[in-house]
Amino acid sequence: MSASALLLFSGGQDSTVCLAWALSRFDRVETVGFDYGQRHASELTARPRILQKIRATFPDWAARLDADHVLPLEVLKAIGGSALTDSITIEMGENGLPTSFVPGRNVMFLTTAAALGYRRGIADLVGGMCETDFSGYPDCRDETVQATARALSLALAQEVRVHTPLMRIDKAATWKLAEELGGTALVELIVDETVTCYEGDRTHRHDWGHGCGACPACELRAAGFEKYKSA
Ligand code: ZN
(Lines give C-alpha, C1' and ligand atoms only; values in the text may rest on other atoms or scores of the structure.)
Protein backbone atom coordinates (compact mmCIF):
# COMPACT_ATOMS: atom_id res chain seq x y z
CA MET A 1 0.00 0.00 0.00
CA SER A 2 1.47 3.33 -0.97
CA ALA A 3 0.29 6.82 -0.20
CA SER A 4 -1.97 8.62 -2.64
CA ALA A 5 -3.33 8.17 -6.13
CA LEU A 6 -5.30 10.34 -8.53
CA LEU A 7 -7.83 8.41 -10.60
CA LEU A 8 -9.03 9.58 -14.00
CA PHE A 9 -12.73 9.02 -13.33
CA SER A 10 -15.23 9.44 -16.15
CA GLY A 11 -18.24 7.73 -14.59
CA GLY A 12 -18.00 4.82 -17.00
CA GLN A 13 -17.65 1.13 -16.28
CA ASP A 14 -13.88 0.95 -16.77
CA SER A 15 -12.93 3.90 -14.60
CA THR A 16 -15.30 2.72 -11.84
CA VAL A 17 -13.51 -0.66 -11.76
CA CYS A 18 -10.23 1.28 -11.66
CA LEU A 19 -11.60 3.29 -8.73
CA ALA A 20 -12.14 0.05 -6.78
CA TRP A 21 -8.66 -1.12 -7.81
CA ALA A 22 -7.09 2.12 -6.58
CA LEU A 23 -9.05 2.06 -3.31
CA SER A 24 -7.73 -1.48 -2.70
CA ARG A 25 -4.12 -0.36 -3.13
CA PHE A 26 -3.68 3.22 -1.99
CA ASP A 27 -4.25 4.89 1.38
CA ARG A 28 -5.92 7.87 -0.23
CA VAL A 29 -7.56 8.28 -3.63
CA GLU A 30 -8.62 11.51 -5.29
CA THR A 31 -10.64 11.54 -8.50
CA VAL A 32 -10.66 13.83 -11.51
CA GLY A 33 -13.18 14.11 -14.34
CA PHE A 34 -13.06 16.19 -17.49
CA ASP A 35 -15.78 18.30 -19.01
CA TYR A 36 -14.75 18.43 -22.66
CA GLY A 37 -18.14 19.24 -24.15
CA GLN A 38 -19.29 15.64 -24.40
CA ARG A 39 -22.47 15.48 -26.45
CA HIS A 40 -24.09 13.61 -23.58
CA ALA A 41 -23.61 14.78 -20.03
CA SER A 42 -24.87 11.52 -18.48
CA GLU A 43 -21.33 10.32 -17.66
CA LEU A 44 -20.61 13.55 -15.80
CA THR A 45 -23.87 13.38 -13.87
CA ALA A 46 -23.18 9.71 -13.02
CA ARG A 47 -19.86 10.57 -11.33
CA PRO A 48 -21.14 12.06 -8.03
CA ARG A 49 -23.83 9.36 -7.85
CA ILE A 50 -21.22 6.60 -8.16
CA LEU A 51 -18.91 8.21 -5.60
CA GLN A 52 -21.80 8.56 -3.16
CA LYS A 53 -22.80 4.92 -3.64
CA ILE A 54 -19.23 3.69 -3.22
CA ARG A 55 -19.03 5.61 0.06
CA ALA A 56 -22.35 4.20 1.26
CA THR A 57 -21.65 0.59 0.23
CA PHE A 58 -17.97 0.17 1.11
CA PRO A 59 -17.04 1.80 4.46
CA ASP A 60 -13.35 0.77 4.18
CA TRP A 61 -13.11 2.48 0.81
CA ALA A 62 -15.12 5.49 1.99
CA ALA A 63 -12.36 6.23 4.51
CA ARG A 64 -9.81 6.42 1.68
CA LEU A 65 -11.86 8.21 -0.93
CA ASP A 66 -10.86 11.85 -0.90
CA ALA A 67 -11.51 14.96 -3.02
CA ASP A 68 -13.19 14.90 -6.43
CA HIS A 69 -12.23 17.39 -9.12
CA VAL A 70 -13.86 18.29 -12.45
CA LEU A 71 -11.72 20.21 -14.91
CA PRO A 72 -12.98 22.00 -18.03
CA LEU A 73 -11.26 20.88 -21.24
CA GLU A 74 -13.55 22.59 -23.72
CA VAL A 75 -10.68 22.98 -26.15
CA LEU A 76 -11.52 19.46 -27.35
CA LYS A 77 -15.04 20.58 -28.20
CA ALA A 78 -13.67 23.65 -29.94
CA ILE A 79 -11.43 21.45 -32.07
CA GLY A 80 -14.43 19.21 -32.74
CA GLY A 81 -14.80 16.67 -35.52
CA SER A 82 -15.53 13.71 -33.23
CA ALA A 83 -18.76 11.77 -32.80
CA LEU A 84 -18.34 12.27 -29.04
CA THR A 85 -18.39 16.06 -29.31
CA ASP A 86 -20.41 16.70 -32.50
CA SER A 87 -23.48 15.28 -34.23
CA ILE A 88 -21.53 12.77 -36.31
CA THR A 89 -22.54 9.14 -36.88
CA ILE A 90 -20.36 6.63 -35.08
CA GLU A 91 -18.81 4.50 -37.79
CA MET A 92 -15.42 3.44 -39.06
CA GLY A 93 -13.65 6.41 -40.61
CA GLU A 94 -11.46 6.34 -43.71
CA ASN A 95 -8.36 6.38 -41.51
CA GLY A 96 -9.36 3.04 -39.95
CA LEU A 97 -10.40 4.64 -36.65
CA PRO A 98 -13.98 5.05 -35.40
CA THR A 99 -15.43 8.57 -35.71
CA SER A 100 -15.70 8.50 -31.89
CA PHE A 101 -11.91 9.00 -31.72
CA VAL A 102 -11.10 12.33 -30.05
CA PRO A 103 -7.56 13.21 -31.21
CA GLY A 104 -5.16 13.79 -28.34
CA ARG A 105 -7.78 13.21 -25.66
CA ASN A 106 -5.96 10.77 -23.41
CA VAL A 107 -2.64 12.59 -23.68
CA MET A 108 -4.44 15.78 -22.66
CA PHE A 109 -6.24 13.98 -19.81
CA LEU A 110 -2.97 12.56 -18.51
CA THR A 111 -1.16 15.88 -18.83
CA THR A 112 -3.91 17.73 -16.98
CA ALA A 113 -4.18 15.03 -14.31
CA ALA A 114 -0.40 15.05 -13.79
CA ALA A 115 -0.46 18.83 -13.37
CA LEU A 116 -3.29 18.53 -10.83
CA GLY A 117 -1.38 15.70 -9.11
CA TYR A 118 1.69 17.94 -8.94
CA ARG A 119 -0.35 20.58 -7.09
CA ARG A 120 -1.85 17.94 -4.79
CA GLY A 121 1.41 16.08 -4.10
CA ILE A 122 0.32 12.94 -5.96
CA ALA A 123 2.69 11.12 -8.32
CA ASP A 124 0.55 8.05 -9.04
CA LEU A 125 -2.16 8.34 -11.67
CA VAL A 126 -4.65 5.55 -12.42
CA GLY A 127 -6.57 5.29 -15.69
CA GLY A 128 -8.86 2.84 -17.45
CA MET A 129 -7.07 2.83 -20.79
CA CYS A 130 -7.30 -0.52 -22.49
CA GLU A 131 -5.52 -1.86 -25.55
CA THR A 132 -7.98 -4.68 -26.07
CA ASP A 133 -10.92 -2.38 -26.81
CA PHE A 134 -12.48 -2.94 -30.23
CA SER A 135 -11.73 0.64 -31.13
CA GLY A 136 -7.97 0.51 -31.35
CA TYR A 137 -7.67 4.10 -30.21
CA PRO A 138 -3.94 4.82 -30.55
CA ASP A 139 -3.91 6.95 -27.38
CA CYS A 140 -5.13 3.96 -25.33
CA ARG A 141 -2.05 1.88 -26.18
CA ASP A 142 0.34 1.04 -23.39
CA GLU A 143 3.22 2.48 -25.39
CA THR A 144 1.43 5.84 -25.74
CA VAL A 145 0.45 5.96 -22.08
CA GLN A 146 3.90 5.06 -20.76
CA ALA A 147 5.66 7.41 -23.20
CA THR A 148 3.35 10.17 -21.94
CA ALA A 149 4.23 9.27 -18.34
CA ARG A 150 7.92 9.53 -19.27
CA ALA A 151 7.41 12.91 -20.95
CA LEU A 152 5.46 14.20 -17.95
CA SER A 153 8.13 12.98 -15.53
CA LEU A 154 10.66 15.02 -17.49
CA ALA A 155 8.35 18.02 -17.80
CA LEU A 156 7.61 18.14 -14.07
CA ALA A 157 11.11 17.09 -12.97
CA GLN A 158 9.61 14.43 -10.73
CA GLU A 159 8.37 10.95 -11.39
CA VAL A 160 4.84 10.49 -12.74
CA ARG A 161 3.62 6.89 -12.68
CA VAL A 162 0.55 5.86 -14.68
CA HIS A 163 -1.19 2.64 -13.61
CA THR A 164 -3.54 1.02 -16.11
CA PRO A 165 -5.01 -2.13 -14.54
CA LEU A 166 -7.29 -2.83 -17.52
CA MET A 167 -4.66 -2.41 -20.24
CA ARG A 168 -4.38 -6.08 -21.24
CA ILE A 169 -7.77 -7.51 -20.26
CA ASP A 170 -11.07 -7.74 -22.13
CA LYS A 171 -14.51 -6.57 -20.96
CA ALA A 172 -15.44 -9.96 -19.47
CA ALA A 173 -12.26 -9.91 -17.39
CA THR A 174 -13.07 -6.34 -16.35
CA TRP A 175 -16.42 -7.52 -14.90
CA LYS A 176 -14.55 -10.39 -13.21
CA LEU A 177 -12.04 -7.96 -11.71
CA ALA A 178 -14.93 -5.87 -10.35
CA GLU A 179 -16.32 -8.99 -8.67
CA GLU A 180 -12.92 -9.86 -7.17
CA LEU A 181 -12.48 -6.35 -5.81
CA GLY A 182 -15.94 -5.62 -4.47
CA GLY A 183 -18.11 -8.73 -4.85
CA THR A 184 -21.57 -8.73 -6.35
CA ALA A 185 -22.31 -5.40 -4.61
CA LEU A 186 -19.74 -3.71 -6.84
CA VAL A 187 -20.92 -5.55 -9.95
CA GLU A 188 -24.48 -4.39 -9.25
CA LEU A 189 -23.36 -0.84 -8.58
CA ILE A 190 -21.55 -0.79 -11.92
CA VAL A 191 -24.54 -2.27 -13.74
CA ASP A 192 -26.94 0.24 -12.18
CA GLU A 193 -24.95 3.45 -12.17
CA THR A 194 -22.16 3.55 -14.74
CA VAL A 195 -22.63 4.95 -18.22
CA THR A 196 -20.92 3.44 -21.27
CA CYS A 197 -23.42 4.21 -24.05
CA TYR A 198 -22.25 6.64 -26.73
CA GLU A 199 -25.82 8.00 -26.89
CA GLY A 200 -25.90 8.56 -23.11
CA ASP A 201 -29.11 6.51 -22.94
CA ARG A 202 -30.41 5.99 -19.36
CA THR A 203 -33.96 5.00 -20.31
CA HIS A 204 -33.38 1.40 -21.44
CA ARG A 205 -32.33 -1.07 -18.72
CA HIS A 206 -30.69 -4.39 -19.67
CA ASP A 207 -29.11 -7.04 -17.44
CA TRP A 208 -25.74 -5.37 -18.20
CA GLY A 209 -27.00 -1.87 -17.37
CA HIS A 210 -28.53 1.16 -19.05
CA GLY A 211 -27.93 2.02 -22.69
CA CYS A 212 -29.36 2.21 -26.19
CA GLY A 213 -28.20 -1.37 -26.81
CA ALA A 214 -27.18 -0.59 -30.39
CA CYS A 215 -24.10 1.64 -30.34
CA PRO A 216 -20.60 0.05 -30.40
CA ALA A 217 -20.02 0.86 -26.72
CA CYS A 218 -23.29 -0.84 -25.69
CA GLU A 219 -22.52 -3.86 -27.88
CA LEU A 220 -19.08 -4.22 -26.33
CA ARG A 221 -20.46 -3.89 -22.79
CA ALA A 222 -23.29 -6.36 -23.45
CA ALA A 223 -20.98 -8.94 -25.05
CA GLY A 224 -18.47 -8.63 -22.21
CA PHE A 225 -21.17 -9.05 -19.57
CA GLU A 226 -22.60 -12.08 -21.38
CA LYS A 227 -19.14 -13.70 -21.54
CA TYR A 228 -18.50 -12.90 -17.85
CA LYS A 229 -21.86 -14.38 -16.79
CA SER A 230 -21.42 -17.58 -18.83
CA ALA A 231 -17.82 -18.19 -17.67
ZN1 ZN B 1 -25.52 2.76 -26.62
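Does Thr148 count as buried or exposed, and at what relative accessibility? In this predicted model, Thr148 has a relative accessibility of 9%. Buried means under 20% relative accessible area, so Thr148 counts as buried. The residue belongs to helix α6, which spans residues 142–156. Once its neighbours within four places in sequence are set aside, Thr148 is in contact with Val107 and Leu110.

Just past that helix, the picture changes. Ala157 sits in the loop between α6 and β5, the latter covering 161–163. Its relative accessible area is 70%, and exposed means over 50%, so Ala157 is exposed. The backbone of Ala157 also deserves a look: its phi is positive, at about 55 degrees, although the residue is not a glycine. Most residues other than glycine have a negative phi.

Helix α1, residues 13–23, is mostly covered, with 11 of its 11 residues buried. The buried residues of α1 include the polar or charged Gln13, Asp14, Ser15 and Thr16. Also buried in α1 are Val17, Cys18, Leu19, Ala20, Trp21, Ala22 and Leu23.

Aromatic side chains give another view of the interior and its surroundings. The structure holds 7 aromatic pairs. Ring pairs join Phe34, Tyr36 and Phe109 into a cluster.Now for the fold as a whole. The protein has 8 helices and 7 strands. Its radius of gyration is 17 Å, close to the 17 Å that the globule rule gives for 231 residues, so the protein is as compact as a globular protein of that length. Along the principal axes, the C-alpha atoms fill a box of roughly 45 × 40 × 30 Å.

Burial and contacts can be read at the same scale. Of the 231 residues in the protein, 51% are buried. Among contacts with a separation of 6 or more, 68% are between residues 24 or more positions apart.

The last items concern surface and charge. The accessible surface of the protein comes to about 10,300 Å², and carbon and sulfur atoms account for 52% of that area. The protein carries 23 positive and 30 negative charges, and the mean positions of the two sets are 4 Å apart.

Technical notes. Residues are numbered from 1 along each chain as its sequence is written. This is a predicted model: local features need pLDDT of at least 70, side-chain atom pairs count only at pLDDT 80 or more; totals for chains, interfaces and linings use all residues. Side-chain values use heavy atoms; hydrogens and water are left out. Rings of Phe, Tyr and Trp (its six-membered ring) pair if their centres lie within 6.5 Å; planes under 30 degrees apart count as stacked, over 60 as edge-to-face and the rest as tilted. Helices (H or I, at least four residues) and strands (E, at least two) are DSSP runs, numbered from the N terminus. The radius of gyration is taken over C-alpha atoms; the globule rule is 2.2 Å times the number of residues to the power 0.38. Buried means under 20% relative accessible area, exposed over 50%, partly exposed in between (1.4 Å probe, protein chains only). Contact means heavy atoms within 4.5 Å. Accessible areas come from the Shrake-Rupley method with a 1.4 Å probe; for residues, only the protein chains shown count as cover. Lys and Arg count as positive and Asp and Glu as negative; His and the chain ends are not counted. The place of a charge is taken as NZ of Lys, CZ of Arg, CG of Asp or CD of Glu.
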